[in-house]
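Okay, thanks for coming, everyone. I'll put the structure up and then walk you through the ligand site and a few residues I picked out along the chain.

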Amino acid sequence: MTIQNVDYSTKIPNNVGLTEDRQVLRALEQWHPGFINWWMDMGPAGFQEALVYLRTAVSVDPKGWAKFDYVKMPEYRWGVLLAPQEEGRKIPFGRHYGEPAWQEVPGEYRAMLRRLIVIQGDTEPASVEQQRHLGKTAPSLYDLRNVFQVNVEEGRHLWAMVYLLQKYFGRDGRDEAAELLQRRSGDPDKPRMLGAFNEATPDWLSFHMFTFFTDRDGKMQLESLAQSGFDPLSRTTRFMLTEEAHHMFVGETGIGRTLQRTCEAMKQAGIEDPNEIEKVRALGVIDLPTMKKKLNLHYSLSLDLFGSEVSTNAANAFNAGIKGRFQETKIEDDHKLENSTYPVLKLVDGEIKRVDEPALTAINMRLRDDYTADCQRGLDRWNKIIERTGVQYRLDLPHVAFHRHIGEFKELKATPDGAIVDEATWQRDHDKWLPSKDDGDFIQSLMKPVIEPGKFASWIAPPRVGIDNKPGDFEYVKIAA
Ligand code: BYC
């Protein structure tokens, strides 16, 4: 076995030499049935027997790492795949800057590392649980296949974190791995760990917003863990990022296609004003102001995933060399941040002001700023789609103080423009900024399944190209397998 090729001879495909690592192999094999039970209970409802045209990771070679074929989801080969080890890799930041990367867990950072790995691991099954009912209302077989692809890969990302727990954290790791299968998204007694992963994903617009905004938090967090001085975590997350790109593609193109369809329908019907909501809805498409409300919701929920703007947890993880910044190795500074500052938006005397904070404690804020810039680039592409149709409307990101539950602005009520308002105004107006019950009901009314190959629901345009370059009428999911 080379490091590039995946060993399929064991029950668990891997490129980490599991055959020779009997103890870890046994631990993973013991965990496997629980995972399958969880997948059957909490994975895509109603489609476990369907044949789905899925990609499976078969190598970690960037030039050809996946193969496509029809698979029943419970038979998907969830594997443990790490990016190849970089010879002589050094810790790229923090107080151990320049020392050789760790191949074992440094004792003093054990608890911190375990916590980060568990939090990362917890989000993966959570998202599968959140999305489990979407299959029943998929707008096409193409989209149906995409949600399942995302789901099986989130399952693999859970495996990736469970491997680290089982291999490097002994008994505690095994306990944590078991608990990852016990918490449930939205369960009042055993919720998932982070806020956004306990929210419902009630419809496909939410799913596409989630894969654009929340998977993009995933990208940023994985990018910072990919910098880690703990080499196995770095290598695992680097390979996860390869898969993650498709998830964000699903979100970005899903929203892009929805915008396209709405704008085309408006133009065809001669509707110039995007605020003529009832007229637009009567065309069987989702009006742009409702899409903006969903965007406000998912962006603000995702901002919460970056933790507090000023955080000693984040400073400690950076100092320790455990979690770095986005593209750490490309940043030109001392990578220790002992004397630098970073501007943070804070509430000062009732006003939102920019304040310089020690850069070390502002690590979350910096990552969040990088995230916002990345989101904005996606919005620019969406706005181009709208613009090309000739409809006069622009999407923008709400202010970071809007609708927050974590950090500096959690006690505050602010509009999407960042104006501070009192509780009464918020209560009166929040339906203008966030999806209301009526908006939800309307979107739900459009969520009718379309399962004929090559056909699409009224509210979404077909994709420009198929998955794996398949033709438009390709049968991505054989439902009655
Ligand atoms: N909800 O210093 P603080 C993905 C807690 S998504 C609930 O402000 P810190 C994916 C925090 O735990 C990426 N609790 O924040 C996407 C702490 O509690 P304790 C997932 C929260 O620690 C789509 C306290 O508040 N990966 O992969 O600097 C589909 C004070 O914490 C929240 C990661 O997040 C919240 N939103 O930063 C599938 C990476 N925020 O310990 C997958 C690993 C904070 O005092 N995690 N708290 O009880 C981390 O790096 C950090 O833990 C966080 C928080 C960025 C989440």
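Before the ligand, one term: when I say polar contact, I mean a pair of N or O atoms within 3.5 Å. And keep in mind that what you see is a predicted model.

With that in hand, look at Gly 195. One of its backbone N or O atoms is 3.1 Å from a nitrogen atom of the ligand, so that pair falls within the 3.5 Å cut-off for a polar contact. Gln 120 also reaches a ligand nitrogen, this time through a polar side-chain atom, at 2.6 Å. Then there's Asn 313, where an N or O atom of the side chain lies 2.9 Å from an oxygen atom of the ligand.

How much of the ligand does the protein cover? On its own the ligand has 1000 Å² of accessible area, and the protein covers 79% of that. As for where the ligand is, it sits in the largest pocket.

Now, who's around it? The shell has 29 residues, and the closest are Gln 120, Ser 308, Ser 311, Lys 323 and Asn 364. So Gln 120, the one with the 2.6 Å contact, turns up in that closest group too.

If you go by elements, those giving two or more residues to the shell are helix H2 (110–130), helix H5 (204–226) and helix H9. Which of them gives the most? That's H2, with seven residues. And by class, you've got ten nonpolar, twelve polar and seven charged residues around the ligand.

Okay, let's leave the ligand and talk backbone. Most residues other than glycine have a negative phi. Here are two that go the other way. Leu 337 isn't a glycine, yet its phi is positive, about 60°. You'll find Leu 337 in the loop between helix H9 (312–319) and strand E3 (341–348). Asp 468 is the other one, with a positive phi near 55°, and it's in the loop between helix H12 (437–446) and strand E5 (477–478).

Are these two buried or exposed? Leu 337 has a relative accessible area of 5%, so it counts as buried, the cut-off there being under 20%. Asp 468 comes out at 36%, which means it's partly exposed.

Last bit: three spots along the chain, each with a distance to go with it. Start with Val 58, in the loop between strand E1 (51–57) and strand E2 (66–72). Its relative accessibility is 22%, so it's partly exposed. Take Val 58 and Met 291: they're 233 residues apart in sequence, and their C-alpha atoms are 38 Å apart in space.

Next is Asp 175, which belongs to helix H4 (residues 170–180). Asp 175 is partly exposed as well, at 40% relative accessibility. Its C-alpha is 9.0 Å from that of Leu 165, ten residues away along the chain.

And finally Leu 412, in the loop between helix H10 (363–389) and helix H11 (423–433). Leu 412 is buried, at 13% relative accessible area. Measure it up against Ala 401, eleven residues off along the chain, and the C-alpha separation is 7.5 Å.

That's my tour. Happy to go back to any of it.

Conventions: Residues numbered from 1 in each chain as written. Predicted model: local features only at pLDDT ≥ 70, side-chain atom pairs only at ≥ 80, totals over all residues. Heavy atoms only, no water. Helix = DSSP H or I, 4+ residues; strand = E, 2+ residues; numbered from the N terminus. Buried < 20%, exposed > 50% of the residue type's maximum accessible area, 1.4 Å probe, protein only. Near = heavy atom within 4 Å. Polar contact = N/O pair within 3.5 Å; in protein donor to acceptor, adjacent residues only side chain to side chain. Areas by Shrake-Rupley, 256 points an atom, 1.4 Å probe, with all protein chains shown as cover. 1 Å grid on protein atoms, 1.4 Å probe; cavity = no way out; pocket = protein on both sides within 12 Å on 5 of 7 lines; lining within 4 Å. Sits in = over half its atoms within 2 Å of the grid points. Nonpolar A, V, L, I, M, F, W, Y, C, P; charged D, E, K, R; others polar.
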